[in-house]
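Work through the exercises below with the sequence and the model open. Each task is followed by a solution in steps.

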Amino acid sequence: RVVFAGPAGRYRFAALPPGRYELEVTADDNQPLRRSIEVRDDLELDLELERAATALGLAAVSFAPATADALVGTHGTEFVRDGGPFRFIGVNLRGLAHYETPQYPHASKRDQLKQVREMGANVIRLFLPHKDVPTEVTQSRLDSLLGLLRDEFPEIYLIVALTDLYINSQHRPQGDDDFYKTHTDHEGRQWTLLGREWIEGGYKTNYLPFVEAIVTAFKGRPRILAWDIGNELKLPEAKRIFIDFNHAVAKRIKELDPTHLVTTGMMSTRHAGLQAKGQERLYQSEHIDFVTSHIYNAAYGDDDSALAAKLNKPYLVEEAGFDAEHGVD
């Protein structure tokens, strides 16, 4: 049944038989309201609508999949491809390059890629190295994955993270285990993370040779959208050293592979302990192409979009989500 409200918002369903009904209300500039109601006799129901969120002022673009055979670049705050804006939906499948191997024996690349396609996503972010896999094997696995994308999932791009801050994920170049140090945070939780020794120069031992081999091997391959220097790297106790590390690695990647975008892969500048001057110094680098954030549980303190806008660079939320304890359903 359909009823249109009058100017004052009054509405009436006449001669409605008793029973359970699903009520839906729509009004211009408001969010739809849905409610289950039980009708036994005359019932007066007051409904309060919530205003719709303000629409972003973005130019209309199509999200229809297109073959990922063109390199992605940037122009101001936009990602661009084939001369036009490239806006996309992405997912994280950090072990994807190692699915169906001893590291991820029960995960199927095709099954996961089919799900990505059904979601309407066309970019996957993955963590490339694994502590038990030599560089040449990792290179072969990434090459095989890119071949599968070309042949069966040609619309999908990859963002490739080149190490991980956290020891638990296993995604780091062989030999870097000793650079992880355990510390206790202000809430009493223990974390084992890449330590200062690695940022100060230890990265040159295993990580940098791995990066150099990978970016050289895949230079110019269009299905790679960008290289992440690492996942959520930080060193709040030595901010200048951390910024210099990112600049040095980004510069080296660009020297070896000027065809692909490079970014930090950071959770946020706040997570890394950077203040305004440090934030700008980090992302002003000509070798770092866009700004990243990972925003969980509406922690908008990790939102670096204003920094990206100030520096006229694209902004990408690489990870997002909610823990169940932070909401209902």
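**Exercise 1. A buried aromatic residue and its partners**

Task: Decide whether Y207 is buried or exposed, then describe its ring pairs with W198 and F245.

Solution. The model is a predicted one.

Step 1. Y207 has a relative accessibility of 0%. The cut-off for buried is under 20%, so Y207 counts as buried.

Step 2. A pair of aromatic rings is described by the distance of the centres and the angle of the planes. For W198 and Y207 the centres are 5.1 Å apart and the planes stand at 70°. Angles over 60 degrees count as edge-to-face, so this pair is edge-to-face.

Step 3. Y207 also pairs with F245, at 6.5 Å centre to centre and with 45° between the planes. This pair is tilted.

Step 4. Y207 belongs to helix 4 (residues 207-217) and F245 to helix 5 (residues 239-256), so the pair ties together parts that are 38 residues apart in sequence.

Step 5. Check the partners. W198 is buried, at 0% relative accessibility, and F245 is buried as well, at 2%.

Step 6. Put the pairs in context. The aromatic pairs number twelve. Elsewhere, F79, F86, F88, Y157 and F290 make up one aromatic cluster.

**Exercise 2. The nonpolar cores**

Task: Which residues touch the most other members of the largest nonpolar core, and which helix gives the most to this core?

Solution.

Step 1. The largest nonpolar core has 63 residues. Those that touch the most other members are I124, L158, W198, Y207, W227 and F245.

Step 2. Helix 5 gives the most to this core, namely seven residues.

Step 3. Take W227 as an example. Setting aside neighbours within four places in sequence, its contacts include V160, L162, I214, V215 and F218. Further contacts of W227 include I253, D257, H260 and L261.

Step 4. Another core, of 14 residues, lies apart from the largest one. Among its members are V72, Y157, L225 and A226.

**Exercise 3. Three salt bridges**

Task: For the salt bridges E38 with R20, R125 with E319, and E280 with K310, give the distance and the parts of the chain that are linked.

Solution.

Step 1. The side chains of E38 and R20 form a salt bridge with an N to O distance of 3.3 Å. The pair connects strand 2 (residues 33-39), which holds E38, with strand 1 (residues 19-25), which holds R20; the two residues are 18 residues apart.

Step 2. Compare the accessibility of these two with the cut-offs: exposed is over 50%, and partly exposed lies between that and the buried limit of 20%. R20, at 57%, is therefore exposed, while E38, at 36%, is partly exposed.

Step 3. R125 and E319 form a salt bridge at 2.8 Å, N to O. R125 is in strand 7 (residues 123-127) and E319 in strand 14 (residues 315-321), 194 residues apart.

Step 4. R125 is buried at 2% relative accessibility, and E319 is buried at 11%.

Step 5. In the salt bridge of E280 with K310, the closest N and O atoms are 2.5 Å apart. E280 lies in helix 6 (residues 276-283) and K310 in helix 7 (residues 305-311), so the pair ties together parts that are 30 residues apart in sequence. K310 is exposed, at 60%.

Step 6. The structure holds 23 salt bridges. A network of salt bridges links R125, D228, E318 and E319.

**Exercise 4. A buried loop residue**

Task: Where is N231 found, and which residues does N231 touch?

Solution.

Step 1. N231 is in the loop between strand 11 (224-228) and helix 5.

Step 2. N231 has a relative accessible area of 3%, so N231 is buried.

Step 3. Leaving out residues up to four places away in sequence, N231 touches R125, F127, T163, D164, L165, Y166, G265, H294 and E319. Two of these, R125 and E319, were met above as a salt bridge.

**Exercise 5. The whole chain**

Task: How many helices and strands does the chain have, and what percentage of its residues count as buried?

Solution.

Step 1. The chain has seven helices and 14 strands.

Step 2. It has 329 residues, of which 43% count as buried.

Step 3. Among contacts with a separation of 6 or more, 68% are between residues 24 or more positions apart.

Methods: Residues numbered from 1 in each chain as written. Predicted model: local features only at pLDDT ≥ 70, side-chain atom pairs only at ≥ 80, totals over all residues. Heavy atoms only, no water. Salt bridge = Lys/Arg side-chain N within 4 Å of Asp/Glu carboxyl O. Helix = DSSP H or I, 4+ residues; strand = E, 2+ residues; numbered from the N terminus. Buried < 20%, exposed > 50% of the residue type's maximum accessible area, 1.4 Å probe, protein only. Phe/Tyr/Trp six-rings, centres within 6.5 Å; stacked < 30°, edge-to-face > 60°. Core = buried A, V, L, I, M, F, W, Y, C linked by side-chain atoms within 4.5 Å. Contact = heavy atoms within 4.5 Å.
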